[in-house]
Amino acid sequence: MALVNIDDFRDLARRRRPKIFFDYIDGGSFEEETMRANRSDFSRLTLRQNVLVEPQPQDLATAYLGKRHPLPFMLGPVGFLGLYSGKGEVKAVRAAHAAGIPFCLSTFSIASLADLRIVTDGPLHFQLYVLEDRSLCEEFLRAAEYAGVDTLFVTVDTAITGIRERDVRNGFRSLTRVTPDLFARLALKPRWLAEVVLAGMPSVRAVEHRPEFGRGALEQAANLSRRIDKTLSWKDIAWLRERWAGKLVIKGVLTPADAVRARDLGCDGVVVSNHGGRQLDGAPSTIRALPSIRATVGTDFCLMLDGGIRRGADVIKAIALGADGVMLGRAYAYGLSAAGQAGVAEVIAILEREISISLALMGIASVEQLKALGAEAVSTL
Ligand SMILES: Cc1cc2nc3c(=O)[nH]c(=O)nc-3n(C[C@H](O)[C@H](O)[C@H](O)COP(=O)(O)O)c2cc1C
């Protein structure tokens, strides 16, 4: 079967991966309304088609997070990549860096930053969940510094985890070890099982040396989740700002006031994000939240956006409405689950192709030109 778009990779991921992991990637919280709105609100926007424009050489490069990148999107933090495909984080970072785009490693990863540094010297970012145990946080920061991490993304919308009903039904996160029942379910996908086991029994490398987190990825992840600081506040962001000399970006902002607060505390940007509709169900889609945030913070503050990006046109709409760059979540997790590193590479290539063709049909030569046009390039249905 030809894999033509991101949805094709999603279908293949569903067929190739155990249901417990596919549902974890694919699902959202409660009624999954916000998750659906992330997609359907893109459909409410139309692209302006300008014809008979003198052709100019196309350029998809643009600046975000203080640097110029060949494409207007990067790979955002997605937990447990190494469970969807053996050495999943290594495969994802390799695919990202082959395309010249940054990769952000999640706190909840099978591979560590040091593991990634062995295979690449490209741009690495790290996503931090602030834990109650600040000494462990400081340890994560030191590891990030040592690995040459450029930007720290602090995720602030998960102090409490939203109920993801598919996960509750499958026992994801409540299971702390592989029970006979879970093993029977995993064994339904023997090729996946062999691949992941051959890569070494999965554990969360960043806390492997800490016996209080237990053994194996499931138990370590459950313990990590439990220790995320539920009292996180702006005071803690000020604390982090003092300790982290690199760029600091707050992930999970949906209002102009919160973006201004982040900027005033010396942060370098925010990610307009509702965690892919996995946290506060009923929160607005990110594309709906973006314009008023851009209007309030002005042009100089870096705004990234994620949520529901499945098409090149989605990237174009986000950039037109004020995002400096866009971050992928499920799109590349489907690619990885379906076809490993080649799958991530193909997801990146598909989006690049779609952006390139759509911009050409819009009569726009470059992402910079799109940024200059801004909201003029789109209208609302
Ligand atoms: C399976 C999965 C795991 C995720 N893990 C993390 C994580 O560890 N840290 C984080 O900040 N965000 C995490 N996210 C959220 C993504 O970074 C991003 O906000 C979201 O996926 C964007 O929506 P999209 O998947 O519809 O593109 C995760 C998302 C998914 C789908």
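## Burial, ligand contacts and backbone geometry in a predicted model

At a relative accessibility of 4%, leucine 65 counts as buried. This residue belongs to a predicted model, and the account below moves from the loops to the helices and then to the ligand.

**Loop residues with positive phi**

Leucine 65 is placed in the loop that joins strand E2 (62-64) to strand E3 (67-69). Its phi is near 50°, a positive value in a residue other than glycine. Glutamate 32 also has a positive phi without being glycine, here near 65°. The loop that holds glutamate 32 runs between helix H2 (19-26) and helix H3 (33-43). Is glutamate 32 buried or exposed? With a relative accessible area of 12%, glutamate 32 is buried, because the limit for that class is under 20%.

**Helices H5 and H11**

Helix H5 covers residues 88-98, and nine of its 11 residues are buried, so the rest of the structure largely encloses this helix. The buried set consists of Gly88, Glu89, Val90, Lys91, Ala92, Val93, Ala95, Ala96 and His97. Charged side chains appear in this set, including those of Glu89 and Lys91. An α-helix has 3.6 residues a turn, so residues three or four places apart point the same way.

Histidine 97 is a member of helix H5. Its relative accessible area is 17%, and it is therefore classed as buried. Which backbone atom does the side chain of histidine 97 reach? The partner is the backbone oxygen of proline 123, at 2.8 Å. Just after H5, glycine 100 adopts a positive phi of about 80°.

Helix H11, residues 217-226, is mostly covered as well, with seven of its 10 residues buried. These are Ala217, Gln220, Ala221, Ala222, Asn223, Leu224 and Ser225.

**An exposed position in helix H8**

Arginine 169 belongs to helix H8 (residues 165-170). Its relative accessible area is 68%, and this residue is exposed because the value lies over 50%. The C-alpha atom of arginine 169 is separated by 35 Å from that of alanine 349, a residue 180 positions away along the chain.

**The ligand and its surroundings**

Where does the ligand sit? It occupies the largest cavity. There are 22 residues around the ligand, of which Pro77, Ser106, Thr155, Asp306 and Arg330 come nearest. By class, the shell comprises seven nonpolar, 10 polar and five charged residues.

Polar backbone atoms of the protein lie opposite nitrogen and oxygen atoms of the ligand, as listed here.

| Residue (backbone atom) | Ligand atom | Distance |
|---|---|---|
| Glycine 79 | nitrogen | 2.9 Å |
| Glycine 308 | oxygen | 2.8 Å |
| Arginine 330 | oxygen | 2.8 Å |

Taken alone, the ligand exposes 600 Å², and the protein buries 98% of that area. Arginine 330 appears in two of these descriptions: it is one of the residues that come nearest to the ligand, and a polar backbone atom of arginine 330 is 2.8 Å from a ligand oxygen.

**Summary of the picture**

The ligand sits in the largest cavity, with 98% of its 600 Å² buried by the protein. Elsewhere, helix H5 is largely enclosed, with nine of 11 residues buried, and helix H11 is mostly covered. Arginine 169, by contrast, is exposed at 68%. The loop residues glutamate 32 and leucine 65 are buried, and each has a positive phi, near 65° for glutamate 32 and near 50° for leucine 65.

Methods:
Residues are numbered from 1 along each chain as its sequence is written. This is a predicted model: local features need pLDDT of at least 70, side-chain atom pairs count only at pLDDT 80 or more; totals for chains, interfaces and linings use all residues. Side-chain values use heavy atoms; hydrogens and water are left out. A residue is near a molecule or strand if one of its heavy atoms lies within 4 Å of it. A polar contact is a pair of N or O atoms within 3.5 Å; within protein, one must be able to donate a hydrogen and the other to accept it, and residues adjacent in sequence count only if both atoms are side-chain atoms. Accessible areas come from the Shrake-Rupley method with a 1.4 Å probe; for residues, only the protein chains shown count as cover. On a 1 Å grid over the protein atoms alone, a cavity is a set of points where a 1.4 Å probe fits but cannot get out, and a pocket is an open set with protein on both sides within 12 Å along at least five of seven lines; lining residues have an atom within 4 Å of a point. A molecule sits in a cavity or pocket if more than half of its atoms lie within 2 Å of its grid points. Buried means under 20% relative accessible area, exposed over 50%, partly exposed in between (1.4 Å probe, protein chains only). Helices (H or I, at least four residues) and strands (E, at least two) are DSSP runs, numbered from the N terminus.
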